[in-house]
Amino acid sequence: HPYSIALSVEQVVRNHAVFDPAKHLGRGIKDLQQRFLRQLPTDDLRAYQVLAMTGEFTAELFASLVERGVITGFSSQDFFELVESHSFFVHDGAGRNVWRFHRAMQTALLTSVLQNRGGYSRSAAIFESLWGMYGAEIGEQVASNDVEQVQRSHGRMFALAQLHLRSELVS
């Protein structure tokens, strides 16, 4: 499984000086993901959780989330460095500059939101921020008569709602 191999290699590289397979890899993909996420700096983990909640993301969306304070600890110019830093970021190609997480990592990130104290409150706050941001974008796009962008924003809102209904992130 290439995803788990790449994540294992990242764990070995990150912990090379004190690497212990039982401690850093665990038993199976879920253990590996949990160990990996626990070792991430807090700002990175929170940024990844927010991005996981969007489903798919662009440099523009990232910059907007940074500017609105939904993602902290990063500047809006950090996007490409961020998505190129780990193998679990997937470029969704086809001429589009859209990124997403590997499905297993997205699930792990969404689960990690709920595992922390106050997880449902944090999830709801992120959801509300994203929903409000997408709604504001639609208002601006309608005002500028940009039908194509309105359709994209509606699609993002629909995908966000579907994701959270399926994942039970908002109670």
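## Asn145, helix 4 and the core

Asn145 sits in the loop between helix 8 and helix 9. In this predicted model, the backbone at Asn145 does something that catches the eye: phi is near 60 degrees, a positive value in a residue that isn't glycine. Asn145 also counts as exposed, because its relative accessibility is 66% and the cut-off for exposed is over 50%.

Stepping back to the whole protein chain, the tally of secondary structure is 9 helices and 2 strands. Going along the sequence, the order reads α-α-α-α-α-α-β-β-α-α-α. The chain has 171 residues, and 42% of them count as buried. What about contacts that link separate parts of the sequence? Taking contacts between residues at least 6 apart in sequence, 59% of them join residues at least 24 apart.

Next comes the largest nonpolar core, which has 41 residues. Which of its members touch the most others? Those are Phe57, Leu65, Ile71, Phe89, Phe101 and Met105. Plenty of elements chip in with at least two residues each, among them helix 3 (29-39), helix 5 (59-67), strand 2 (99-101) and helix 8 (119-143). Helix 4 (42-54) is on that list as well, and with 7 residues helix 4 gives the most to this core. Ile71, one of the core members that touch the most others, makes a handy example. Setting aside neighbours within four places in sequence, Ile71 is in contact with Ala47, Val50, Leu51, Phe62, Leu65 and Val66.

Helix 4 is worth following further, starting with helix 5. The axes of these two helices come within 12 Å and cross at roughly 125 degrees. That angle makes helix 4 oblique to helix 5, since roughly perpendicular covers 65 to 115 degrees and roughly antiparallel begins over 145. The crossing of helix 4 and helix 5 is right-handed. On the helix 4 side the contact is made by Val50, Leu51 and Thr54, and on the helix 5 side by Leu61, Phe62 and Leu65. Sorted by class, the contact of helix 4 with helix 5 has 5 nonpolar residues, 1 polar residue and no charged ones.

Helix 4 also packs against helix 7. Here the axes come within 9 Å and cross at roughly 110 degrees. Helix 4 and helix 7 are therefore roughly perpendicular to each other, because 110 degrees falls in the range of 65 to 115. Is this crossing left-handed or right-handed? The crossing of helix 4 and helix 7 is left-handed. From helix 4, the residues involved are Leu45, Tyr48, Gln49, Ala52 and Met53, and they meet Gln106, Leu109, Leu110, Ser112 and Val113 of helix 7. By class, the contact of helix 4 with helix 7 comes to 7 nonpolar and 3 polar residues, with no charged ones.

One residue in that contact deserves a closer look. Gln49 is found in helix 4. Is Gln49 buried or exposed? Gln49 is buried, because its relative accessible area is 1% and the cut-off for buried is under 20%. Leaving out residues up to four places away in sequence, Gln49 touches Leu109, Ser112, Val113, Asn116 and Arg122.

Notes
Residues numbered from 1 in each chain as written. Predicted model: local features only at pLDDT ≥ 70, side-chain atom pairs only at ≥ 80, totals over all residues. Heavy atoms only, no water. Core = buried A, V, L, I, M, F, W, Y, C linked by side-chain atoms within 4.5 Å. Buried < 20%, exposed > 50% of the residue type's maximum accessible area, 1.4 Å probe, protein only. Helix = DSSP H or I, 4+ residues; strand = E, 2+ residues; numbered from the N terminus. Contact = heavy atoms within 4.5 Å. Axes fitted to C-alpha atoms, helices over the stretch in contact; angles between N-to-C directions. Parallel < 35°, antiparallel > 145°, perpendicular 65-115°, else oblique. Left-handed = near helix turned anticlockwise from the far one by under 90°. Nonpolar A, V, L, I, M, F, W, Y, C, P; charged D, E, K, R; others polar.
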